[in-house]
Amino acid sequence: MAQGAKNCFNVHNNVTDKNLATSKEQGILTYHLIMPSKISNHHFTTALKNPDIRFFIGSVGFFTLGSRALAVVIGFQVYKITHSAMCLGWLGLVEAIPALSLVMLGGYVADHFSRRKILLITRASSCICAIALAFLSMQSHANSLIGLYSVIFLAGIARGFADPANTAFEAQVVPKNITVNAASWISSFWVGCSIIGPAVIGFAFDAWGAYGSYLLIAGFFILSWISTLAIGPKPQVMPQHKEPFLKSISSGWKFVLNHQPLWGAMTLDLIAVLFGGVIALLPIYASDILHVGAKGLGLLNAATSVGALSTMLYATKHPPIAKAGRNLLLTVAGFGISILIFGFSKNFLLSLAALALSGVFDGISMVIRRSMVRLLSPDDMRGRISAVSWIFICSSNELGAFESGMVAAWIGTIPCVAAGGIVTLGVVGLTACIAPQLRQLRFDPHTMERIQ
């Protein structure tokens, strides 16, 4: 069969086998029902018309509201008790250590057990943790600190299982032919809730204190649990062969390392965020370089997210997947350039524009990477491959903030940010040279099949 005809029949269940059989009996091939020209006319809200996708977005959105708000409240509360920056640093590690340590086990569990049930259990665990924090907040400061750390450690354990299961479950909920449209909407709601959560909880904290804030956060987690429950059970492909436990876990790494587009994209994002991220240094820019104070700091923090959100919404109508590899390299290069501009800028408006632009490029990159992991992963290995992806993401975020602070203290803030932008551009060029399969990666935007 010609390649064009093959693409027609690869469409994700747009025509049933019965309909095809009837057409053959009549001697008519109904190409007009499944031609790509018809498939490509998706409205930008196509994914939102699917009830299960709406519930999945609700699950992700409410959980993001709760988790981002939780990070703000626990950080403020710990600093209020200790007045120690070191204690804030330990707070981040207390959650990151179990999350990173268990994420590979979480990927294994996600491939061998119901991902929907895993999410229901971990969402419920997060709710219990929030309620526990509320009750701890009623105790004296001296006695509650160790308890706060302990609960956050338990929340990190839940996160180690939830992250890979959530990414893998998305592939069961979203039909393949609308992967990019759905990924754009899911990412958009994630970014939007990342902005709203911290803003809302600030007012709640002023009004109700830590106790009331944690109860509100528990409410967000309950809504996330209900949204997950509303998604009906989905067929899940289980591994055909039972492998030894450690071998099964390592197979996720082996698959990623044997597929150049995957390890290339993950490494590219890791280096870009690790060296090019500037979020941890924004207080220094707001106070000592741009002289805009706390209000300016809030705007600087929001600029990146606003830029990312705008481009993700644009991607719902114009998916950047046809030349995915080339587009990914260009967007990461654009991210590096925007960071360079921000690093040297001493004008507040220019700095805002540079950060917004970095968010635009990061948003496109996020949509492409999320779609790549979905489209290039076998059904029975999605959990383990998602776990590897989460290790790259979490490592870049957690270690990136640490790296920024250490290097800025060593060589200065502006040279640190400039060096990060230069390193990002260098890694883009190096990746383009050593990973030609990533550079040439393309997908048919109609069928979401990889074009060789």
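These legends go with close-up views of a predicted model.

**View 1. Val237 in its loop, beside two aspartates from far along the sequence.** Start with the stretch that joins helix H8 (179-230) to helix H9 (245-257): Val237 is found in this loop. Setting aside neighbours within four places in sequence, Val237 is in contact with Asp379 and Asp380. For Asp379, the C-alpha atoms are 5.9 Å apart, even though 142 residues separate the two in sequence. Is Val237 buried, exposed or partly exposed? Val237 counts as partly exposed, because its relative accessibility is 39%, and the buried class stops under 20%.

**View 2. Helix H9 and its kink.** Look for Ser251, where a kink of about 30° is centred. What do the ends of H9 tell us about its span? They sit 19 Å apart, C-alpha to C-alpha, which agrees with the 18 Å that 13 residues should cover at 1.5 Å a residue. Ser251 itself is buried, and so are Ser248, Ile249, Gly252, Phe255 and Val256. When reading that list, it helps to recall that an α-helix has 3.6 residues a turn, so residues three or four places apart point the same way.

**View 3. Helix H10, mostly covered.** Residues 260-276 make up H10, and 14 of its 17 residues are buried. From first C-alpha to last, H10 reaches 23 Å, close to the expected 24 Å.

**View 4. Phe56 and Phe169, a tilted pair.** A search of the whole structure turns up six aromatic pairs. In this one, the ring centres are 6.3 Å apart and the planes meet at 50°, so the pair is tilted. Phe56 belongs to helix H4 (residues 51-82) and Phe169 to helix H7 (residues 141-173), so the pair ties together parts 113 residues apart in sequence. Phe56 is buried, with a relative accessible area of 1%; Phe169 is buried too, with a value of 1%.

**View 5. Phe135 and Tyr211, edge-to-face.** Here the aromatic rings lie 6.5 Å apart, centre to centre, with 80° between their planes. Phe135 comes from helix H6 (residues 115-136) and Tyr211 from helix H8, so this pair links parts that are 76 residues apart in sequence. How covered are the two partners? Phe135 is partly exposed at 47% relative accessibility, and Tyr211 is partly exposed at 34%.

**View 6. Arg123 over the ring of Phe63.** The last close-up pairs a charge with a ring: the charged end of Arg123 sits 4.2 Å from the centre of the Phe63 ring.

Technical notes
Residues numbered from 1 in each chain as written. Predicted model: local features only at pLDDT ≥ 70, side-chain atom pairs only at ≥ 80, totals over all residues. Heavy atoms only, no water. Helix = DSSP H or I, 4+ residues; strand = E, 2+ residues; numbered from the N terminus. Buried < 20%, exposed > 50% of the residue type's maximum accessible area, 1.4 Å probe, protein only. Contact = heavy atoms within 4.5 Å. Expected span 1.5 Å × (residues − 1). Bend = angle between axes of the 7 residues up to and from the residue. Phe/Tyr/Trp six-rings, centres within 6.5 Å; stacked < 30°, edge-to-face > 60°. Lys NZ or Arg CZ within 6 Å of the ring centre and 35° of its normal.
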